[in-house]
Each structure stands twice: as structure tokens, then as C-alpha cells.
Amino acid sequence: MPSLKVSVVTQIRKVLEEEAGYLRLRTSEGDIGILPNHAPFVAELSYGKMEIESPDKTKRDAYFITGGFLEISNNEATIIADEIFTSDEIDLQFEEAELENQKNFLEKASAEEKKKIEKNIKIFQSKIDFKKNL
């Protein structure tokens, strides 16, 4: 079965490297699905769900990424992620408490701080939704 090599790294460590039959993730322009032998491609990643399906379609793993970059060439997809989490690594109580904290910060924030806090609120809400919908 055709496959492509998927590597995910952060600034701190190599997170995974495996063969995949299908890769799905969210770019700044929208969701993208990648199959083996994809044309060369570079994209900025947005926060959201990333799925990696095994070449034989027997396994599909889901991760939450908070942003980064994707580069595809020579049947290899390299993802440089800001942060990446498995469902098990996301603590719903912590995320919900942080979401409330960010909402409280937003009420008192200056105009220049509001954009960053609003982005944080969207990321915390998306992580909560990701965890609840798996």
C-alpha cells in the first residue's frame, strides 16, 4: 500500500515519525487532506485536529496542534508544531479553568492585549471540543 512518511517535531523534541496512508490537518487557509505522492507544498498551520491514518487503514490517531508549519516533498510530510497534544494529554478541568481565566483577563485587558487573549480563548475552547468529541 502506498504511504508517506510523517514527521512531527516541536522546538523541544521529535514527537513522532511514522508511515501514513492519509494525513489530515488544518492550515491557515482551511483543512487539508494529504495522500501519498502529494505534490510539494508548504503551509502555515492553524490550531486544530490532526489525524494520521495508517497505510492499511486499520489505525487512525488524532492529535491537537496549536499551530506551526507543514512542508511536503519527496513523499515526506514534515510538521513543525508549536505544540501538539494527544487526547490523553489534555486535562478537561485544567482547560476549562484556563478558559474562564482568559475570559476574565479579557474583561480587564487593554486594546493591544485583547487580540492575544481572544486567540487564547479560541485555542482553549478548541482543545476542550477536541477532547469531548473523540
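Strand β5, residues 41-45, pairs with β8 in the antiparallel sense over 5 bridges. The model is predicted. On its other pairing, β8 is joined to β9 by 6 bridges, and these two strands also run antiparallel. β8 and β9 both give two or more residues to the largest nonpolar core.

**Strand β8 and its pairing**
- Glu44 stands opposite Phe69 in β8.
- Gly68 stands opposite Ala81 in β9.
- β8 and β9 form a hairpin, with 2 residues between them.
- Asn74 sits in the turn of this hairpin and has a positive phi of about 50 degrees.
- Side chains alternate along β8. Gly68, Leu70 and Ile72 point to one face and are buried. Phe69, Glu71 and Ser73 point to the other face and are not buried.

**Ser73**
- Ser73 is found in strand β8.
- Its relative accessible area is 23%. The cut-off for buried is under 20%, and exposed is over 50%, so Ser73 counts as partly exposed.
- The side chains of Ser73 and Glu71 are joined by a polar contact of 2.9 Å. Both residues point to the face of β8 whose side chains are not buried.
- Ser73 and Ala39 are 34 residues apart in sequence, yet their C-alpha atoms are 6.9 Å apart in space.

**Ser54**
- Ser54 is found in the loop between β6 and β7.
- With a relative accessible area of 12%, Ser54 falls under the 20% cut-off and is therefore buried.
- The Ser54 side chain makes a polar contact of 2.7 Å with the side chain of Asp56.
- Beyond its neighbours within four places in sequence, Ser54 is in contact with Gly21 and Lys59.

**Nonpolar cores**
- The largest nonpolar core has 20 residues. Val6, Leu23, Met50 and Ile79 touch the most other members.
- Elements giving two or more residues to this core are β1 (4-9), β2 (14-20), β3 (22-27), β4 (30-34), β6 (48-53), β7 (60-65), β8 (68-73) and β9 (76-81).
- Apart from this core lies another, of 7 residues. Among them are Ala62, Phe64, Ile90 and Ile123.
- Val6 has contacts beyond its neighbours within four places in sequence. Its partners there are Leu16, Glu17, Glu18, Ala20, Leu23, Ile52, Ala77 and Ile79. Leu23 and Ile79 are also among the core members that touch the most others.

Conventions
Residues numbered from 1 in each chain as written. Predicted model: local features only at pLDDT ≥ 70, side-chain atom pairs only at ≥ 80, totals over all residues. Heavy atoms only, no water. Core = buried A, V, L, I, M, F, W, Y, C linked by side-chain atoms within 4.5 Å. Buried < 20%, exposed > 50% of the residue type's maximum accessible area, 1.4 Å probe, protein only. Helix = DSSP H or I, 4+ residues; strand = E, 2+ residues; numbered from the N terminus. Contact = heavy atoms within 4.5 Å. Polar contact = N/O pair within 3.5 Å; in protein donor to acceptor, adjacent residues only side chain to side chain. Pairing = 2+ DSSP bridges.
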